[in-house]
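The following exercises concern one protein chain. Please work through each task before reading its solution.

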Amino acid sequence: MPACVETQQRTDGSADVFPILSSSGAESLSSDEKEVAAGGTEGEGSAEEHPAGEDSSENSSSSSLEEESDAEELDGRRSDEEQEEKESLACCNESGVKCLPPCEHCRNENDQKEEVTPRMLSGGQYVVQLDAEGTYQCSLTGLIFEVTGAVKITYSLLSWSKYANLVEKPWIVGGPLFDVRCDSTPALTSIQFPHSLCLGDHGAGMAFKVLHVKGEGAAIEPSADYSASHVKWLVSSLSPVGPLIQSQEPVQYHGAVILYKVVDEHPSLSFRVYVATNNDSFIKDISRAVKHSNKKFIKIDKPPVCQKLLQKGKRYRLICEPEAEITPEEIEFVDGSLLKLKSYIEVYLEKPDDFTLSLVELESDATVWKARLRESDWIHYDQNKNEQKRSTVSNVKKRKPALSILEEDELCSKKQKTGNTADGIETKILTDQQLMMIAKLFGRQWREIAIECLQMEMKDIEQIQAMEEEVNMQKFLVLSKWRDREQGNGTAEALYRSLREKASHEILQALQGFSARC
C-alpha cells in the first residue's frame, strides 16, 4: 500500500513534514510500546571473534545479561576506552566532526547547530557543559542535545550485544547505543541519535523508534522525528537509549571496512578485515574483541568508509592483488551489532609485498571499497616496539615507581638542562617553552601518537587527564614525562626521530627549527 505523508508539530511549535506509514504499516504496531521483558534464552559468548565463513547467522546474536557480561562491560570501560573510542570514529573531518562522503541518495540537512567538543574522562566517558538554551551537536559522537538551560551532560558509548535479547523482531538496530546522564534532566528535552542507514527514497517504508533500557527490561518508545542522519527522541528518563528501525524493504547501510594486522615474528603477513555498518557501537565492539584476542594486532590506518552502500542479504567478495589466501572469499552481509562474536575475513600473504584489497559486490561487480597497503603502513610499529624493548632493558634498574607523575615533573625540573655530548657537541634538552609549543601543534590524535611513538602507557595518560582539565596542558605533561624518561636524551632530535612517522609536518618542522638553534 502506498505511503502517506503527515505533518507533525514539533515541541518548539514549528511544523515538520516527514513520511509515516499507513495504518497497515510499521507505525501502526502499537503493541511495540509495551515493556519488553529481559528474560530470554541466551548462549555463551566470549570476547573472541570468528571468521565470517564459520557462523554469520543471526541466530548467534543471543548474548548474556549475567554477571559475567556485566563484569566484562565494566572492565571494558576501565581499560583502553579512549583507544576504542578513537577506532570507533569511522571517518572524521579536520574539526573532528564525524562525517561521510556525500551520498547521492541522502537528502541534505541545512539546519545549523552549535558544535561542542566534549572533555574526555577516564573510562571512555564524555562530558559537556552547556551554558544556555539551544541545540548542540557533539563533534566526536554526533549526538545532538536540545536543552532549555544550563546543564552538564555525561555520556558514553555502549555495546548492543549486551542487550541483544531486548531487541525483538521485526525491529533491528539503527545506530549506536548511548548511556546519557544529566545533572538536570528536565532541562534536557530531546536527544538526536546518529544512525547508519541510507534512507534514500525508502524513508516512507521505514519506521524509527528507540530502545530505552530500564533496569532489567526495556521499552520500545516512539521517536519524535527522523532525518537523513539522526533519530530524534523526547527525553522521558535517562538510561541506555539507542535507535531501532523497522523496514518493509531491504535496508541499506553506510558501511566501513576496518583492517588489523597480526603482530608476530613471522615474515609473512596476516590481516583481519571487518566489514561493518558505520555504527560506533559496532566498531567499538570490533576494537574490544581484537584487544582481547590471544594474538597481538595493530590497526592499519586506511580510509574505512565504503563508497557504495551495503545491503543486508547481498553477497560481497574480497579480492587481493597480487593473489593471497582469503578466508572466506565471499560473505553475505548482515549487521552484526547484536552479535557477540564479530565476523571477519582472514587475508594471508606469504611474501611481505605491497598489495591492494578490494571489496566487490557480486551482483553488480561494483567496487564497494578499495585500499593499497604498503610496508610503511605497519613497519614503523615494529621499529618502535624494538626501541621500546631496548629502552626497557637499559632503564629497568633506574625506575622509581614510588614517584607520581607530578612528583616526577618536579624532580625533572631540577635536573640538568643539557643532554648527552656526541662528537664533542653538546645537545640541549627541550625546554618547557619548546614542549608547550609542540603540545599546541598536536591534533585530536595526540593520545594515539603518545602511545605508539612515545611508548606512553594509557594509565599514565588517564592519570594526567584526571589531574589536569586543560587539553594543551595534558599534552605538555605527556611530552614532559617523555623528556624525563629520556633524561639526557630528551632533545629535539630524539623527539623528531620518535614522531616522524606519525606527527604533522608543522610539528616536525618546529623540531627541526629547535635542532638548528642548538
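**Exercise 1.** State how much area the chain exposes and what share carbon and sulfur atoms supply.

Solution. The chain exposes about 25000 Å², an area from the Shrake-Rupley method with a 1.4 Å probe. Carbon and sulfur atoms supply 47% of it. The model is predicted: local features need pLDDT of at least 70, side-chain atom pairs count only at pLDDT 80 or more, and totals for chains, interfaces and linings use all residues. Residues are numbered from 1 along each chain as its sequence is written, and side-chain values use heavy atoms, leaving out hydrogens and water.

**Exercise 2.** Determine which residues of the largest nonpolar core touch the most other members.

Solution. A nonpolar core is a set of buried (under 20% relative accessible area, 1.4 Å probe, protein chains only) Ala, Val, Leu, Ile, Met, Phe, Trp, Tyr and Cys residues joined through side-chain atoms within 4.5 Å. The largest has 64 residues, and Phe145, Ile153, Leu188, Ile191 and Leu357 touch the most other members. Apart from this core lies another of 29 residues, including Trp446 and Leu508.

**Exercise 3.** Give the strand order of the open sheet that contains β24, and identify its edges.

Solution. Strands are DSSP runs of E with at least two residues, numbered from the N terminus; two of them pair if DSSP finds at least two bridges between them. The order is β26-β24-β28-β29, with antiparallel pairing. The edge strands, β26 (330-332) and β29 (367-373), each pair on one side only. Within the sheet, β24 (residues 315-321) and β28 (residues 355-361) are joined by 6 bridges, and Tyr316 stands opposite Glu361 in β28.

Note on methods. Buried means under 20% relative accessible area, exposed over 50%, partly exposed in between (1.4 Å probe, protein chains only). Helices (H or I, at least four residues) and strands (E, at least two) are DSSP runs, numbered from the N terminus.
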